[in-house]
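Reader: I'm new to this one and a bit lost. Please pick a single part, look at it closely, and then tell me how it fits with the rest.

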Amino acid sequence: MLEPRNSSDFRLEANDPLELLQLVSSLHDDSYRRIQVKINDYIKQRTGASLVFCIPLVKCSEEAVVSVIGDEVLPKEVRFSVSENMILQTINKRLSMTLKCSLLSVEMRKLLFSAFKKGKRKRVSETEDEANEELSEASNIIEDTVFEASGLPEELLNVPVANLHDNNIALVCSIAHSKHSIEVTTKIVQECFRYCLSLVLSTLNYEEEKRLRIQCQQLLQVAKNLFSNLGDLDDLLKEIIIEARRLTNAERCSLFLLKDDYLISKVFDGVASPQGNKEVKIRKNVGVAGHVATSGKLINIRRAYDHPLFYKGVDEITGFTTKNILCFPIIHNEKVIGVAELCNKKDGYHFDLCDEEVATAFSIYCGITIEHATGYKKTQLAQDRNRLSNELMMYHMKVPHEAVENILNNSLVDIRKDFNEFSFNPRSIDYSETPFYCLLIFDNMDFIEHFKINRETLVRFFLYVMKGYRDPPYHNWMHAFSSVHFAYLCLKKFNLINIGHFTMLEGLAYVVAAMCHDIDHRGTTNSFQTKTNSTLAHLYSSEGSVMERHHLSQTMCILNTDGCNFAADLNHKDYELFLKLISQFILATDLSNHFNVLGKQEKMSKEGFNPASSEHRELLRSHFMTLADLSDQTKDWLTVKNASLLVYQEFFLQGDEEKAIGSKPDVSMDREKARIPELQLQFLRSVILPLVNVTVILYPTVGSILLDTVKLNLTCWERTVEIFSRKLSEGSTNIEILRDPEIEEYVLSKVGRFTVYCSISS
């Protein structure tokens, strides 16, 4: 039994010191395999053996490696588990032991026969074709004739060699036909490795590092190849099969995907499937692939026909003979999604631990790419369905040529005289007449002439935008038209373009954004979209301003519709800026964004607007966009009251939906708890007054008109508190009270009919 040596015990009893020194000195600049050849030759000469080879042990992977037999370097090293009978007892008992060659694996017998057949011919390397030819001949002799006729020795002596640093067995030296006793042979081997082992192990470690580095490079290239095929799942599966065969040098590869309780495959790597072109379905608990799918663990079968899980039926139908199998699961997020089955190692050996290691790493890339390809395919299908839906929507939204011609060829019979005044109520215009007024605004602002806009394209854009609005009580086309009218008034009344506070392009973008800022509004708020995890929330919640981003997206969609892009003739720089301005304007309608910049706007108004400051210009654009969006609150109280009726109808519908899903709505949206006068007073004081105050500081003369109107509306709402309380206590609802003519008469009697009707016209 091997024992740790004392540092003073280095006497050579079975080796000649000079010869051993010559051996050691000849090893310093050789490769790992060349070193083994020299050591094998030295031990062979010292023992008079017919064959010597070493079996180093790789500690990190718990496997044994045979890369040289005698003086023959194998075309590919053989790796096997240390649990093999060939060396297990020698390692465990730490004793030199003889092993009958008849107990060796077929692969090892093939290698030994090939080495014996070469006789005394000394070659360090050979081509892979020559090696495979001899191994094929060896296979026929070993497997088809009696073992004794193969010419192999009956026994091998296995000598354990320990590492002096940790006393662990580092390698086993196998010797055939030694002329010395076991004791002497053991001394020769162990004395030799006392001086050679460190060099052998260091070169072995280098080779292992090199192998792992090459393996990593191969896997990275594999990953690159796989990820380049994400667009087509079928192409990806074919690529996986090609790479799996190449990495493990296998003859065949079959790939199964797990779906429900079945493993499904159409691909048998060149071998016709048993069912022709139809996909093969195997229950996930049947056969080798089924076992791997169920257990989630790799299985390496060296003799397929001897294994109880192997199904011979496929071989019988295809004519292919399966000898050995390496089957591994494809796992993603700890879930088996498929199985790859490799058959028949090409070089004549079985699949080894190195192949298992490669397969395990490879399976990770397979899992990731298959899942991404599947997701990509679903995304493509969703995009295709969405494209078809958009095409269908645009078809039904399609504006007839006659509708465009009607607007171009006709004019308004009677243009409202007060159209250019803040006192004008845009909601009083008939829906069908609004496109005429939009065209009038563009003409009055000189946008059409200045930007050389095609009138037909512009009108078609108007009509598409109108159709893009749904019909919730408040956020419909008439709200958009009201915002457009107010934006027009701001440009005119505050003289924004002439004094340089807006450019013509900013003015154009302002009016267009006011027109489009609520396209496809669903009558619900951003918080509702997020709370209900809606499709819009999925698309935009990470960016914030869910509905506003959707309105912007729909605006761009209409602009990109054939025959609608009236701004297409702008130069590239102006067109990009135009789109950017529209985006800024529409996103500014999110009140949360307004509150974020209100402090800066107030500071800007007190310090004075600087037209040369890009920050000031953006703050001013945001200010006027919010003002246009909330412009209903700057009209006379009766107009405000009627607009509020629409707002709260919409709010209460959302509140009803929230209750239906078990969610508690905000008080302003709960038809049973809301108190409209108080809510309106709060809104005017916290939102509208600060907004209008900024306007007054920047533009005192015109701004004061809006401020006076808002203050009067505050007074009117204050007068409604009493009548609302009384009617609510009598059982009336908020909506019924707002519709009741009595409330109008009550406020008019308290505030004064003339004051209410004529306040802002002055």
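**Where α16 meets α20**

Author: Let's start with a crossing: α16 goes past α20 in a right-handed way (the near helix is turned clockwise from the far one by less than a right angle; anticlockwise would be left-handed). Before going on, keep in mind that this is a predicted model, where local features need pLDDT of at least 70 and side-chain atom pairs pLDDT 80 or more, while totals for chains, interfaces and linings use all residues. Residues are numbered from 1 along each chain as its sequence is written, and side-chain values use heavy atoms, leaving out hydrogens and water.

You'll find helix α20 at residues 572-587, with its axis 9 Å from that of α16 and an angle of about 45 degrees between the two (axes are lines fitted to C-alpha atoms over the stretch in contact, with angles from 0 to 180 degrees between N-to-C directions). That makes α16 oblique to α20 (under 35 degrees is roughly parallel, over 145 roughly antiparallel, 65 to 115 roughly perpendicular, the rest oblique). So who's touching whom? From α16 come Leu505, Glu506, Leu508, Ala509, Tyr510, Val512, Ala513 and Cys516, and across from them in α20 sit Asp574, Leu577, Phe578, Leu581, Ile582, Phe585 and Ile586 (contact means heavy atoms within 4.5 Å). Sorted by class, that contact has 13 nonpolar, no polar and 2 charged residues (Ala, Val, Leu, Ile, Met, Phe, Trp, Tyr, Cys and Pro are nonpolar; Asp, Glu, Lys and Arg charged; the others, Gly among them, polar).

Two names from that contact, Tyr510 and Phe585, come back in an aromatic cluster, alongside Phe422, Phe486, Phe494, Phe502, Phe624 and Tyr699. Aromatic pairing turns up elsewhere too, as the whole structure has 24 such pairs (Phe, Tyr and six-membered Trp rings with centres within 6.5 Å; planes under 30 degrees apart are stacked, over 60 edge-to-face, the rest tilted). One of them is Phe419 with Phe424, an edge-to-face pair at 5.4 Å centre to centre and 65 degrees between the planes. Phe502 and Phe624, back in the cluster, have ring centres 6.1 Å apart and planes at 90 degrees, so they're edge-to-face. Their pair ties together distant parts of the chain, 122 residues apart: Phe502 lies in the loop between α15 (477-493) and α16 (504-516), and Phe624 in helix α22 (residues 614-629). Phe502 is buried at 1% relative accessibility (buried is under 20%, exposed over 50%, partly exposed in between, using a 1.4 Å probe and protein chains only), and Phe624 is buried at 0%.

Now step back. The chain has 28 helices and 12 strands (DSSP runs numbered from the N terminus: H or I of at least four residues for helices, E of at least two for strands). Of its 762 residues, 51% count as buried. Among contacts with a separation of 6 or more, 68% come from residues 24 or more positions apart.

For another crossing, try helix α12 (residues 434-444) and helix α14 (residues 455-468): their axes come within 10 Å and cross at roughly 135 degrees. These two are therefore oblique to each other, and their crossing is right-handed. Phe442 and Leu439 of α12 are among the residues making this contact, as are Phe462 and Met466 of α14. By class, there are 9 nonpolar, 1 polar and 2 charged residues.
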